[in-house]
Amino acid sequence: MNDKTLMEDLLNNSKGACSLYMHGTIESATPKVLDTFFETLSDALNIQGDIYKEMEDRGWYTTENTTKAKIKQVKNKYEE
């Protein structure tokens with residue numbers, strides 16, 4: 001397994017963990033449980049951000065700039 005594949009797996013797993021922690025936060029029954037999930041979610045989001053930044057720095061996760069016209073086109077597509 002190469003470094004890029006490993007980082008992709010880490011990013012995907014961290015996204016899944018964040019999703020679980022978010023749902024735990026939303027469904028928390030007591031303030032203490034809520035605080036625990038919220039803190040864990042915050043930590044997990046920071047880790048996810050670090051992984052993304054590392055991948056971006058290495059050119060493994062690229063984004064492209066877009067125009068307002070393209071955004072409007074996609075928005076209109078989903079409003080119909």
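Met 1, Leu 6 and Leu 10 make a nonpolar surface patch of about 330 Å². This is a predicted model. Leu 6 belongs to helix α1. Its relative accessible area is 40%, so Leu 6 is partly exposed.

**Helix α2**

Helix α2 covers residues 31–57, which is 27 residues. At 1.5 Å a residue, a helix of that length should span 39 Å. The C-alpha atoms at its two ends lie 39 Å apart, so expectation and model agree.

Which residues of α2 are buried? They are Leu 41, Ala 44, Gln 48, Ile 51 and Met 55. An α-helix has 3.6 residues a turn, so residues three or four places apart point the same way. The buried residues of α2 pack against α1, which runs over residues 3–26. Just after α2, Gly 59 takes a positive phi of about 80°.

**Ser 14, facing α2**

Ser 14 sits in helix α1. Is Ser 14 buried or exposed? Its relative accessibility is 10%, and the cut-off for buried is under 20%, so Ser 14 counts as buried. Leaving out residues up to four places away in sequence, Ser 14 touches Gln 48 and Ile 51. Both of these partners are on the list of buried α2 residues. The side chain of Ser 14 also reaches the backbone oxygen of Leu 11, at 2.8 Å.

**Leu 34 and His 23**

Leu 34 is in helix α2. What does Leu 34 contact, apart from neighbours within four places in sequence? Its partners are Thr 25 and Ser 28. Gly 24 is 10 residues from Leu 34 along the chain, and their C-alpha atoms are separated by 7.7 Å. Leu 34 has 36% relative accessibility, so it counts as partly exposed.

His 23 is placed in helix α1. With a relative accessible area of 44%, His 23 is partly exposed. How far apart in space are His 23 and Met 55? Their C-alpha atoms are 26 Å apart, with their positions 32 residues apart in sequence. Met 55 is one of the buried residues of α2.

**Accessibility of selected residues**

| Residue | Relative accessibility | Class |
|---|---|---|
| Ser 14 | 10% | buried |
| Leu 34 | 36% | partly exposed |
| Leu 6 | 40% | partly exposed |
| His 23 | 44% | partly exposed |

Definitions and conventions: Residues numbered from 1 in each chain as written. Predicted model: local features only at pLDDT ≥ 70, side-chain atom pairs only at ≥ 80, totals over all residues. Heavy atoms only, no water. Helix = DSSP H or I, 4+ residues; strand = E, 2+ residues; numbered from the N terminus. Expected span 1.5 Å × (residues − 1). Buried < 20%, exposed > 50% of the residue type's maximum accessible area, 1.4 Å probe, protein only. Contact = heavy atoms within 4.5 Å. Polar contact = N/O pair within 3.5 Å; in protein donor to acceptor, adjacent residues only side chain to side chain. Patch = residues over 30% accessible without salt bridge, like charges linked within 9 Å, V, L, I, M, F, W, Y side chains within 5 Å. Areas by Shrake-Rupley, 256 points an atom, 1.4 Å probe, with all protein chains shown as cover. Salt bridge = Lys/Arg side-chain N within 4 Å of Asp/Glu carboxyl O.
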